[in-house]
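Please work through the following exercises with the sequence and the structure at hand. Each task is followed by a solution in steps.

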Amino acid sequence: PHRPLWSDRSAGMGETPETLKAAANALFKEHKYAKAVEAYSRALEVSPDNAILLSNRAFAHVRLENYGSAIEDASKAIESDPNYIKAYYRRGTSQYALGHLTDALKDFKTVCRMQPQDRDGRMKLKECEGALRKKRFEEAIAAPEEETVKVSSTVDVDAMVIDSTYDGARLGDDKVITKAFVEDMIARFKDQKTIAFKYAFEILMQSKAILEALPTLVDVPVPEGTHFTVCGDVHGQFFDMCNIFDLNGPPSAENPYLFNGDFVDRGSYSTEVIMTLLAYKCMDPSCVHLVRGNHETAAMNKMYGFDGEVKAKYSVKLADLFQEVFQYLPLAVVLGEKVFVVHGGLFSRDGVTLDDLRKIDRFHEPPDSGEFCEMLWSDPGPAPGRQPSKRGVGVAFGADVTKKFLELNGLELVVRSHEVKDEGFEVDHDGKLITVFSAPNYCGEFDNAGAMMTVDENLMCSFQILKPAERKLMGGFGSMMGSRPSTPPRNKAGGK
């Protein structure tokens with residue numbers, strides 16, 4: 001049965017916008033952002049043009065990465081009260097997150113004009129101006145795609161020298177990445193050490209060769225007597241990923257994994273996560289399958305920390321090589337001919353077939369629309385048909401869309417990730433769609449569990465719930481959109 005978020009009194013019996021706002025704010029402070037959205041919505045039923053409530057709901061949407069909904073709410077707040085500074089701040093933050101730098105710049109300029117002494121506003125404006133200058137410079141010097149020199153073509157691993165003081169495991173002359181090498185590398189990472197630059201480049205170059213040879217949609221059989229473990233977003237939470245291997249066994253031919261995108265960004269150990277997964281892929285390509293997520297893209301990596309992390313721990317060139325390697329990641333996997341695994345979701349049109357997906361040229365950054373984009377960004381929704389995405393990218397698709405896609409392609413189940421779930425997983429769309437999310441206590445901001453899903457030879461699915469692993473703290477790596485957005489300036493008209 002549905003439990004109300006608070007006492008179900010009518011407005012005439014004591015509920016006011018202020019009391020409803022207080023209840024919603026309490027949920028926000030408890031990091032229950034989805035429930036906070038519902039609570040602010042309840043308050044807005046009583047006071048639909050309240051700029052503070054609209055802006056607060058926008059802030060909850062920002063925390064949920066529902067940037068499209070955040071922009072909509074913040075814009076309504078500005079219409080209601082053009083002097084409400086927080087609404088500009090939250091809209092600008094959301095525009096920046098979507099890469100709409102010109103629109104973000106306008107909002108941050110407004111914040112600084114309205115409150116010139118605000119430190120956070122000035123910092124956001126400066127970072128946005130820098131990002132826009134860099135984007136325009138890169139566009140100005142960009143060569144046609146056919147003339148672009150791949151970073152991998154400039155890498156000479158053989159010429160790289162390992163320092164004589166390096167105390168980690170070493171590769172042999174045959175460059176074979178062994179189980180012993182991977183285990184030593186993981187141990188170094190747990191001690192917050194890096195591996196030799198030469199070996200970091202070697203792992204990426206071998207990964208490039210393996211991934212580039214794969215189709216855009218990979219068909220993976222699940223033979224009799226075998227199983228697959230499917231994991232969702234990890235987002236740089238290296239110790240939580242190690243906990244998965246401790247609980248379920250490390251990747252091997254007999255214990256294969258499928259990691260469904262968003263390996264990096266947000267968490268401070270993104271480099272360690274992706275290096276480990278790629279090393280296992282090089283050790284035995286059958287033991288780990290990797291699907292591209294919306295965070296395996298250049299724009300997101302610059303915004304959410306991975307690009308800065310790689311440059312801080314290794315080098316600019318390795319960061320650039322990662323961007324090339326990410327473009328070779330497959331976009332989807334079909335397990336046992338019946339289970340469609342994709343990071344985001346389904347499509348803005350009916351009639352999309354698996355053959356259509358196989359034909360997608362994935363060797364570049366994703367476009368802003370179309371099947372490639374939607375596979376990385378879309379989400380299931382409760383309403384039938386299709387609705388605008390709360391993220392501002394992709395589409396929200398209903399159970400009827402899922403059913404049609406499965407029937408058209410002879411499939412039985414969609415498995416996707418891309419969204420935080422309280423229990424780490426959620427079954428939706430009449431049992432035809434499952435979301436798996438594997439980063440417990442996501443960003444240190446959510447109280448969610450993680451989960452991993454096992455698919456057996458009969459394509460039966462079971463789940464194991466993951467609690468947060470003990471971890472070491474490490475600072476961020478220079479992203480505007482860190483794990484926790486800055487507090488916006490205090491409005492002269494009143495606080496949150």
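**Exercise 1.** State which residue follows α17 and what the sign of its phi is. Then determine which residues of α17 are buried and how they are arranged about the axis.

*Solution.* Step 1: Gly410 comes after α17 and has a positive phi, near 65°. The model is a predicted one, in which local features need pLDDT of at least 70 and side-chain atom pairs count only at pLDDT 80 or more, while totals for chains, interfaces and linings use all residues. Residues are numbered from 1 along each chain as its sequence is written, and side-chain values use heavy atoms, with hydrogens and water left out.

Step 2: Helix α17 spans residues 399-409; helices (H or I, at least four residues) and strands (E, at least two) are DSSP runs, numbered from the N terminus. Its buried residues are Val401, Thr402, Phe405, Leu406 and Asn409, where buried means under 20% relative accessible area, exposed over 50% and partly exposed in between (1.4 Å probe, protein chains only).

Step 3: Viewed down the axis of α17, these buried residues fall within an arc of 130°, so they line one face of the helix. The arc is taken over the directions from the helix axis to the C-beta atoms.

Step 4: The partners against which the buried residues of α17 pack are β6 (339-342), α15 (354-358), β8 (386-388), β9 (395-397), β10 (413-416) and β12 (433-436). Contact means heavy atoms within 4.5 Å.

**Exercise 2.** Classify the packing of α1 and α3 by the angle between them.

*Solution.* Step 1: Helix α1 (residues 17-29) and helix α3 (residues 51-63) pack at about 15°, and their axes are 11 Å apart. Axes are lines fitted to C-alpha atoms, for helices over the stretch in contact, and angles run from 0 to 180 degrees between N-to-C directions.

Step 2: α1 is therefore roughly parallel to α3 (under 35 degrees; over 145 is roughly antiparallel, 65 to 115 roughly perpendicular and the rest oblique).

Step 3: Lys21, Asn25 and Phe28 of α1 make the contact with Ile52, Leu53, Asn56, Phe59, Ala60 and Arg63 of α3.

**Exercise 3.** Classify the packing of α8 and α10 in the same manner.

*Solution.* Step 1: For helix α8 (residues 179-190) and helix α10 (residues 238-248), the angle is about 140° and the axes are 11 Å apart.

Step 2: α8 and α10 are therefore oblique to each other.

Step 3: On α8 the contact involves Ile186, Phe189 and Lys190, and on α10 Phe238, Phe239 and Cys242.
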